[in-house]
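I opened my notebook to look up a few things in this structure. These are my entries, in the order I made them.

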Amino acid sequence: DPNELVDLRISPSSIDCSLAQPASFAALAVFGDGSTEDVTDSPETTFDTSDASILLLIGGEVICVQVGQATLEATYRELTASAGVAVQ
């Protein structure tokens, strides 16, 4: 089914950012026909981080607040995607 939701991705899949700087990302829904839709601002999309002491989530940006590594996770409908974040 071309309209079926088949995957969720975070773009970019790995994020490098400097301390105290924002880094932008997008949550992309992938459908059966290969098309994508940016669902970053969708009310159905939620975000989480593996370590809130390293990353703060504000809208479609992460704010890198401490040097280290963390994972950014997006959930849209029944699918989840993740991206690694390295803060330098």
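**Entry: the disulfide**

I began with the bond between C17 and C64, in what is a predicted model. I looked up the torsion about the S-S bond of C17 and C64 and found about -100 degrees, so I wrote this disulfide down as left-handed. The sulfur atoms of C17 and C64 sit 1.6 Å apart. That is within the 2.5 Å cut-off for a disulfide. I searched the whole structure and the count came to 1 disulfide.

Where along the chain are C17 and C64? I placed C17 in strand β2, residues 14–17. I placed C64 in strand β8, residues 61–64. The two cysteines are 47 residues apart, and the pair links distant parts of the chain.

Next I asked whether C17 is buried or exposed. C17 has 5% relative accessibility, so I noted it as buried. The cut-off for buried is under 20%. C64 is buried too, and its relative accessible area is 0%. I added one reminder for myself: a disulfide is a covalent bond between the sulfur atoms of two cysteines.

**Entry: the chain as a whole**

I then stepped back to the elements. How many helices and strands does the protein have? I counted 0 helices and 10 strands. Read from the N terminus on, the order is β-β-β-β-β-β-β-β-β-β.

I checked the overall dimensions next. The C-alpha trace spans about 45 × 20 × 15 Å along its principal axes. The radius of gyration of the protein is 13 Å. A compact globule with 88 residues would have a value near 12 Å, so I recorded that the two agree.

I also looked at contacts between residues at least 6 apart in sequence. Of these, 50% join residues at least 24 apart.

**Entry: surface and interior**

What share of the 88 residues is buried? I noted 36%. The protein exposes about 4800 Å². Carbon and sulfur atoms supply 45% of that exposed area.

I looked for a nonpolar patch on the surface. L56, I58 and V65 make one of about 240 Å². I followed up on L56, which I found in strand β7, residues 55–58. L56 has a relative accessible area of 39%, so I put it down as partly exposed.

**Entry: salt bridges**

I searched the whole structure again, this time for salt bridges, and the search gave 2. Side chains of opposite charge can pair when their charged atoms come close.

One of the pairs is D7 with R9. Their closest N and O atoms are 3.4 Å apart. I checked how open each partner is. D7 is partly exposed, with a relative accessible area of 31%. R9 is partly exposed as well, at 43% relative accessibility.

Which residue pairs with R77? I found E44, with the closest N and O atoms 3.4 Å apart. This pair links distant parts of the chain. R77 is in the loop between β9 and β10, while E44 is in the loop between β5 (36–38) and β6 (45–49). The two are 33 residues apart. E44 has a relative accessible area of 42%, so I noted it as partly exposed.

**Entry: backbone details**

I came back to R77 for its backbone. Phi of R77 is near 55 degrees, a positive value in a residue other than glycine. The strands on either side of its loop are β9 (68–76) and β10 (79–87). R77 is partly exposed, with a relative accessible area of 45%.

A20 also caught my eye. Its phi is near 65 degrees, again positive in a residue other than glycine. I located A20 in the loop between β2 and β3 (22–24). Is A20 buried or exposed? A20 has 55% relative accessibility, so I wrote down exposed. The cut-off for exposed is over 50%.

My last check was on peptide bonds. Which residues does a cis peptide bond join? I found S11 and P12, with omega about 0 degrees. P12 lies in the loop between β1 (5–11) and β2.

Conventions
Residues numbered from 1 in each chain as written. Predicted model: local features only at pLDDT ≥ 70, side-chain atom pairs only at ≥ 80, totals over all residues. Heavy atoms only, no water. Helix = DSSP H or I, 4+ residues; strand = E, 2+ residues; numbered from the N terminus. Buried < 20%, exposed > 50% of the residue type's maximum accessible area, 1.4 Å probe, protein only. Patch = residues over 30% accessible without salt bridge, like charges linked within 9 Å, V, L, I, M, F, W, Y side chains within 5 Å. Areas by Shrake-Rupley, 256 points an atom, 1.4 Å probe, with all protein chains shown as cover. Salt bridge = Lys/Arg side-chain N within 4 Å of Asp/Glu carboxyl O. Rg over C-alpha atoms; globule rule 2.2 N^0.38 Å. Contact = heavy atoms within 4.5 Å.
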